[in-house]
Amino acid sequence: MSATRAGSVHWTVVVLCFLAILLDGFDTAALSLAIPTMAAEWAVTPAAFTLAVVLTNIGVVFGYLSAGYLGARIPGRRLVIGAVVLFGVATIATAATLPLESIALLSATRLVTGIGLGVVVPAAVGLATKHSAENRREQVSIAVALGLGAGAGLGGLLGGRLLNLVGSDGVFYVAGIVPLLFAAVLAWLLPAEGTAVTATVGDKSDAKIGRLFDPGLRLPTTLIWAFSFLVFITSYVLISWIPTLLTGYGFSPSKAPLGLAFLTLGGIIGGLALLPLAGRLGIARAMILMPAIGGVFMIIAAKASLGDTALLLCLAGAGVGVVSAQLGQLALAVATYPPGPRTTGVGWAAALGRLGSIVGPGIAGVLIGQALATRDIVVAATVPLLFAIVCAVMLSRVKAKARVLPAAETPLVLEKAR
């Protein structure tokens, strides 16, 4: 079917891309889920795994940055399948080497895993939007990116049971074998290249980062990158360390993964709310609201005396704002960049975000190692959200200004972006 007909969406491609990113989210969460148990088994502190957490995110950054280059040379279908295979194989390697109790080996295998995880997101978002009409691509990008939250939430829900049933190495075997099986499903069901008008290899010049700084894009690109970096700092402090942080609230290692489940469940709810909200307010204005919601719930969780259930509900509220903002930065990129450099734009925006995902967990790991109070770490993690809101306000004003300029003076890309 033609992806250019108004309102048309190739739903098979969208669903498969969503599931690929769901497995990405589950794999990303696997290490976070396993750290408390592995720390006890290896007789080390949770902070000892900071290098593995950080190198995972460094690998993801390399994957994001290479996605545009690879997407201009490898058809989208093959790129998605190859990236899924890569992180599946690397995760199995993680599981196979865990009995050696080596932080160095764990960090090395997670670095390779991260590269595969990083390629999947922009490649899957790019493939899904290429098979969707222009006026549906912003919503499709949000829907596909919801797979990250869904995968992490699934890990949180199943994490405790998996740890009890198959142990920490078994969690990584599950996180590695399932993607390899799914890669076969992708090879079977994804349409062959050329079945949609835009489902072809792009112009290699579109992969150049300079395209993101064309006239009319310089300031939006800078603001999107800053927003992504700041939101990811907060988001990945929570995603990477929330099971560990909850032990500071008195949760047991087997119960602590529920925190990640509630956080990501809130993110899914926030992402679903973001679909109509972005259409009503515009994605830039929605990105003012959502981080503010997340920050309020984080402050409540840090400052109020709450029971376990109330604390988990606060984490869900934090996820509504923080995780949905993480998804929304992809929609900002999709709405801002034209089709040619879109995969590059999405990849670089996500890469700048992942730089935040390196900085945030790294600093949090140091603070945990210094025995800083859990509640103080949560408060500190809200600070980047304040600066992210400032970036979203500025981006909203840039877009509003572009809409009121005379047609001859309005940058084409911004006029299309909401």
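These are my notebook entries on a predicted model of a single chain, written in the order in which I looked things up.

**Entry 1: the overall build**

I began with the secondary structure, and I found 13 helices and 0 strands in the chain. Reading along the sequence, I noted the pattern as α-α-α-α-α-α-α-α-α-α-α-α-α. I then looked up burial, and of the 418 residues of the chain, 58% count as buried. For the accessible surface of the chain I wrote down about 15,300 Å², and I added that 70% of this surface belongs to carbon and sulfur atoms. I also checked how far apart in sequence the contacting residues are: among contacts between residues at least 6 apart in sequence, 85% join residues at least 24 apart.

**Entry 2: the nonpolar cores**

Which residues have the most contacts inside the largest nonpolar core? I listed Val144, Leu186, Phe227, Ile283, Met287 and Leu332, in a core that has 75 residues. The largest share of this core, 10 residues, comes from helix α5, which covers residues 137–189. I also found a second, separate core of 32 residues, and I noted Phe232, Ile242, Leu260 and Ala381 as included in it. As background I kept one general remark, that in soluble globular proteins nonpolar side chains tend to be buried together.

I followed Val144 further and looked up what it touches beyond the residues up to four places away in sequence. The residues I wrote down for Val144 are Val14, Cys17, Phe18, Ile21, Ala124, Val125 and Ala128.

**Entry 3: helix α1 against helix α5**

Next I compared helix α1, residues 11–42, with α5, and I found that their axes come within 2 Å and cross at roughly 25°. Angles under 35 degrees count as roughly parallel, and α1 and α5 are therefore roughly parallel to each other. I then sorted the residues of the contact of α1 with α5, and they divide into 37 nonpolar, 9 polar and 3 charged.

Ile21 was the residue of helix α1 that I looked up in this entry. Is Ile21 buried or exposed? I noted that Ile21 is buried, because its relative accessible area is 0%, and under 20% counts as buried. The C-alpha atoms of Ile21 and Gly147 are separated by 4.9 Å, although these two residues are 126 residues apart along the chain. Leaving aside neighbours within four places in sequence, I found Ile21 in contact with Val120, Val121, Ala124, Val125, Val144, Ala145, Gly147 and Leu148.

Ser168 I found in helix α5, and with a relative accessible area of 7% it is buried. Beyond its neighbours within four places in sequence, Ser168 is in contact with Ala34, Met38, Glu41, Leu98 and Leu163. I also wrote down that the C-alpha atoms of Ser168 and Pro36, 132 residues apart along the chain, are separated by 9.8 Å.

**Entry 4: a loop residue and a residue of α10**

Pro36 came up again when I turned to Ser252, for the C-alpha atoms of Ser252 and Pro36 are separated by 9.2 Å, with their positions 216 residues apart along the chain. I placed Ser252 in the loop between α6 (218–247) and α7 (257–281), and at 32% relative accessibility I recorded Ser252 as partly exposed.

I then looked up Ile368, which lies in helix α10, residues 342–369. Which residues is Ile368 in contact with, leaving aside its neighbours within four places in sequence? I found Trp241, Thr244, Leu245 and Ile377. For Ile368 and Gly248, which are 120 residues apart along the chain, I noted a separation of 10.0 Å between the C-alpha atoms.

**Entry 5: positive phi values**

Last, I looked at backbone angles, keeping in mind that most residues other than glycine have a negative phi. Ala43 has a phi near 60°, a positive value in a residue other than glycine. I located Ala43 in the loop between α1 and α2 (50–71), and I noted that Ala43 is exposed, with a relative accessible area of 70%.

Glu101 also has a positive phi, of about 50°, although it is not a glycine. Where is the place of Glu101? I found Glu101 in the loop between α3 (76–97) and α4 (103–130), and at 43% relative accessibility it counts as partly exposed.

Methods: Residues numbered from 1 in each chain as written. Predicted model: local features only at pLDDT ≥ 70, side-chain atom pairs only at ≥ 80, totals over all residues. Heavy atoms only, no water. Core = buried A, V, L, I, M, F, W, Y, C linked by side-chain atoms within 4.5 Å. Buried < 20%, exposed > 50% of the residue type's maximum accessible area, 1.4 Å probe, protein only. Helix = DSSP H or I, 4+ residues; strand = E, 2+ residues; numbered from the N terminus. Contact = heavy atoms within 4.5 Å. Areas by Shrake-Rupley, 256 points an atom, 1.4 Å probe, with all protein chains shown as cover. Axes fitted to C-alpha atoms, helices over the stretch in contact; angles between N-to-C directions. Parallel < 35°, antiparallel > 145°, perpendicular 65-115°, else oblique. Nonpolar A, V, L, I, M, F, W, Y, C, P; charged D, E, K, R; others polar.
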